[in-house]
Amino acid sequence: MAAKSKSLPKLDVSSLPSPETIARSQLENGIVVLARANFASPSVVIAGYLPAGALFESPELAGLADMTASALMRGTEQRSFHEIYQSIESIGASLRFGASSHAASFRGKSLVADLDVILNLIAEVLTEPTFPKKAVEQLQGEHLTGLALRDQDTRAVAGMTFDALAYPNHPYSIPSDGYRETVAAFKRKDLKAFHKRTYGPSGLVLAIVGAIEPQAAIERVRQALGGWATKRSTMLMVPDAPALARTERRSVELAGKTQADLVLGCPGPRRSEPDYLAAALGNSVLGRFGLMGRIGDSVRERAGLAYYAYSSLNGGIGPGPWQIAAGVNPANVDRALALCVEELERFVGEPVTEDELADVQANFIGRLPLQLESNDGVAGALLHVERHDLGLDYYPRYPQLVAEVTRQQIQSVAGRFLDPARLAVAIAGPPEKAA
Amino acid sequence: MSRAGDQPISRTRLENGLEVRLKEMRTAPLISSWLWYRVGSRNERPGTTGISHWVEHMQFKGTPTFPAGVLDRAISRDGGTWNAGTWLDWTVYYETMPAGRIDLALDLEADRMVNSLFEPAEVESERTVIISEREGHENEPGFRLDEEMQAAAFRVHSYHHEVIGDMADLHAITRDDLYAHYRNYYRPANAVLALAGDFETEDMLERVRQRFGSLDGGTAPAFESRPEPPQRGERQVVVEGPEETPILEVAYRAPEPTDSAFYALAVLDSVLTGASSFSPYGSGLSNKTSRLYRALVEGGVAAAVSGGLAATIDPYLYSLRATIRPGQPPEVGLQVIDDELARLQDAPISQDEVDKAIKQAKAIFAYDSESISNQAFWLGYSEMFADYGWFESYLDEIDKVTPEDLLRAAHQVLVPAQRVVGMFRPTLEAVNGR
């Protein structure tokens, strides 16, 4: 390993986020603030999350967390929907809220001179939203149109079908944006109740990156949000997702389509899995490195079957999926599927080659400057480190962590999570006869 | 504090005609290289539509020095990112690399400017990949509508077809067609190389000369586009399909980007549909205080609205697009748009609205100047339809726009007799039509 690491890119670790350049502070009410300065341009990014995701809603109210987060900016005790958006759009700033399975999250951007406008707005909509009836109904209409589009989109439908197959009786089987029948039934009181039950400072993490000194940024957050005293929920854990007993395949027909989307895979490792980095490097070999790794080489480059064919690893707080996706002509679904399964068998059956491992190690280390170039990228990295308790020294340690991963570790973690004989296989596309 | 957008740039023309644009930036240890060729779907005739995009794909299939797959690996190993894009007027190849590794990108681009193989087996393999790419587009009702609208808007000019090309041509184009197109358009005299990032200008210029200076320049290929004759009367296009969600699109004739009316139209677009960047890699803002959002979305007719204004060589389109809520006919949206456009034409808009649009344009400009890749993008992109001065003076030009200019542009551009109205009518019954 030591010998191999000599061929890996040399990074100036002093340029990476580190305990010396990140300020972290926990306010009295539990809010964690992370800040890093970047004076390259006069702008600032504010991003964060709090434990108010879809896991906190009941299945009959699927989509409520997402709807509640989206509705925060539709009106407060002080301002109407129009006044709220006038305050940010008139200064060229942006702020949006949404929710996924585990968390509600937000992301804003402004010129640094306008930072207080954004922070005060975040505080206002988090603490005193009113969910005005008319505005909520309008938002509901927008969401229902979005769901109608989603339900006619082969990629989205294949993904949802995969989740239903791979996660039976598990929260991940339910789409976090809900179903049309659940979203259509929401009333204003549902949103108010969800907000009252889940929104509070405990578990809220906020990152500020841009043209402001870190300690000054933390002080601004303290002024805006330090007085929020409500006691609320903390992050929920989700259960494990057992592997399927055998491969299960499900097809959904969508009329009028030309191409079919194929998604196959298994529940994958959590981010807290000790071998997660090995899984990530392995996944790069499988379906990302270069032009979509081994999957891209097989399905696109050699067979010419697809424009896109790749794998993804989505472990977070819970066991997100490890999956392969491809868009193919309906006549080629079985051929593409067979090639993907063949690559999975090879991936779990034998270690990746030394060259392949060295390639992806070099890529993971060498790409850091690009990933961390923008304020958005750094803010995302700070939130990632906090969410998964990786430590403020994670990025300086990261090149060494990557260099230490072995071929055997990759094969081991692949074998524990990916079983080519026990896959969830989902297809969404035109009816068979149209092929 | 240094503003990334304020650094001077270096402009050089090599003896073989290659235009080189360089801009030093020290904000991150990265260099971004963008090689632009003046060829896109505009340079295509019926029978070989889609050929520029297909040539772009073939540029990843190897040369004798860099066989297919070798480069993917080399660039990815270095932690770089690379890709390419083909559009109406241009084809671009870019690499963003750690600063010490940019030579690899320069070596590659100089090599594949002249030495790509276009092996017959690779051509056939890529044919099915591109057909698959087109089939993926065809899954989207918005693509199906756009394709018909472009064809309706341009009967004569070659902007009439989609960049991906017509399916008939994707089946018919031969290896020799592709290679001839490549040889005709890929030459130094038809290209602009733009780099931004962590380098010394003199040193970088020397590295560029070493690799590109000896290539045979030829002359810039001649291509005369066929001007679109004046449109005399509104055109309507209807596309149907088994979907639930209607789409309404209204496309007007846009002025050229060097026309002063273009700046006024950019401000009008901001007022109507919200502020956005001209760069496909750029920022956008929410548009909830824009006039058409308020009328269409708050009015309960649509779920989303957007505007599209592009900077092109020949006059193109300014389009408004609304995703109509299921259960309503798209015509409902058209009436709302017409009422709003009439308001714009009846009286000058307030100075406050103009000021807001200008402030938004400045903020987006600041955000877009942050990334090295975006800076390099603008260095070359602006040369495709004007020159870099266009980008440098853009904010000054926007600053000069007055309410009277907007009134004039609204009357000049938003003319019903010179528009194409496109409607996607879903044939499935709406499940939840609220």
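Two residues are taken to be in contact when their C-beta atoms, placed from the backbone, lie within 7 Å, and with that in mind the tour of this predicted model can begin at helix H9 (residues 214-225) of chain A, which lies across S1, S2 and strand S6 (205-210) of chain A and runs at about 145° to S2(A).

**The six-stranded sheet of chain A**

Keep H9 of chain A on screen and add the strands beneath: they belong to an open sheet of 6 strands in the order S1-S2-S6-S3-S5-S4 (chain A), with mixed pairing. Strand S1 (23-26) and S4 of chain A stand at the edges, where each has a single partner strand, so one side of each is left without a neighbour in the sheet. From one strand to the next, the twist averages 10°. Selecting S1(A) together with strand S2 (residues 32-37) of chain A shows an antiparallel pair joined over 4 bridges, and within that pair Gln26(A) has Val32(A) in S2(A) as its bridge partner. Now move along the sheet to helix H4 (residues 115-127) of chain A, which lies across strand S3 (43-50), S4 and S5 of chain A and runs at about 160° to S5(A).

**An enclosed helix and a core**

Select helix H2 (residues 64-71) of chain A next; 8 of its 8 residues are buried, so this helix is largely enclosed by the rest of the structure. To see what surrounds H2(A), colour strand S4 (94-99), strand S5 (104-111), helix H5 (133-150), H7 and helix H8 (188-198) of chain A, against which its buried residues pack.

Then pick out Ile208(A), which, leaving aside residues up to four places away in sequence, touches Ala35(A), Val44(A), Ile46(A), Ala217(A) and Val221(A). Ile208(A) is among the residues that touch the most other members of the largest nonpolar core, a group of 202 residues, and others in that list include Ile122(A), Leu262(A) and Leu193(B). A second, separate core of 62 residues includes Tyr252(B), Ala322(B), Leu414(B) and Val420(B).

**The five-stranded sheet of chain A**

Further along chain A is an open sheet of 5 strands, ordered S7-S11-S8-S10-S9, again with mixed pairing. At its edges stand strand S7 (248-253) and strand S9 (306-313) of chain A, each with a single partner strand, so one side of each is left without a neighbour in the sheet. Inside this sheet, strand S8 (residues 260-267) and strand S10 (residues 321-328) of chain A pair in the antiparallel sense over 8 bridges, and Pro267(A) finds its bridge partner in Pro321(A) of S10(A). Two helices can then be added: helix H11 (residues 289-302) of chain A lies across S9 and S10 of chain A at about 155° to S9(A), while helix H4 (residues 120-138) of chain B also lies across S9 and S10 of chain A, at about 75° to S9(A).

**Where the chains meet**

With H4 of chain B selected, widen the view to the interface, in which 57 residues of chain B are in contact with 58 residues of chain A. H4(B) gives the most to the side of chain B that touches chain A, with 9 residues, and that side as a whole divides into 18 nonpolar, 20 polar and 19 charged residues.

**Three loop residues**

Is Arg271(A), in the loop between S8 and helix H10 (276-287) of chain A, buried or exposed? With 22 C-beta neighbours inside 10 Å, Arg271(A) counts as buried. The C-alpha atoms of Arg271(A) and His388(A) are separated by 7.0 Å, although the two residues are 117 residues apart along the chain.

Compare two residues that are not glycines but have a positive phi: Asn169(A), near 55°, and Phe118(B), about 55°. Asn169(A) lies between helix H6 (154-166) and helix H7 (180-185) of chain A and is exposed, with 8 other C-beta atoms within 10 Å, whereas Phe118(B), between helix H3 (102-114) and H4 of chain B, is buried, with 20 such atoms within 10 Å.

**A helix pair in chain B**

Finish with helix H9 (residues 260-273) and helix H15 (residues 403-413) of chain B, which pack at an angle of about 95° with their axes 9 Å apart. That angle makes H9(B) roughly perpendicular to H15(B). Residues in this contact include Ala261(B) and Leu265(B) of H9(B) and Leu406(B) and Ala410(B) of H15(B), and by class the contact has 9 nonpolar, 1 polar and 1 charged residues.

Notes:
Residues are numbered from 1 along each chain as its sequence is written. Chains are lettered from A and ligands numbered from 1 in the order in which they are written. This is a predicted model: local features need pLDDT of at least 70, side-chain atom pairs count only at pLDDT 80 or more; totals for chains, interfaces and linings use all residues. Two strands pair if DSSP finds at least two bridges between them. Axes are lines fitted to C-alpha atoms, for helices over the stretch in contact, and angles run from 0 to 180 degrees between N-to-C directions. A nonpolar core is a set of buried Ala, Val, Leu, Ile, Met, Phe, Trp, Tyr and Cys residues joined through C-beta atoms within 7 Å. A residue is buried if 20 or more other C-beta atoms lie within 10 Å of its own, exposed if 12 or fewer, and partly exposed in between; C-beta atoms are placed from the backbone. Angles under 35 degrees count as roughly parallel, over 145 as roughly antiparallel, 65 to 115 as roughly perpendicular and the rest as oblique. Ala, Val, Leu, Ile, Met, Phe, Trp, Tyr, Cys and Pro count as nonpolar, Asp, Glu, Lys and Arg as charged, and the others, Gly among them, as polar.
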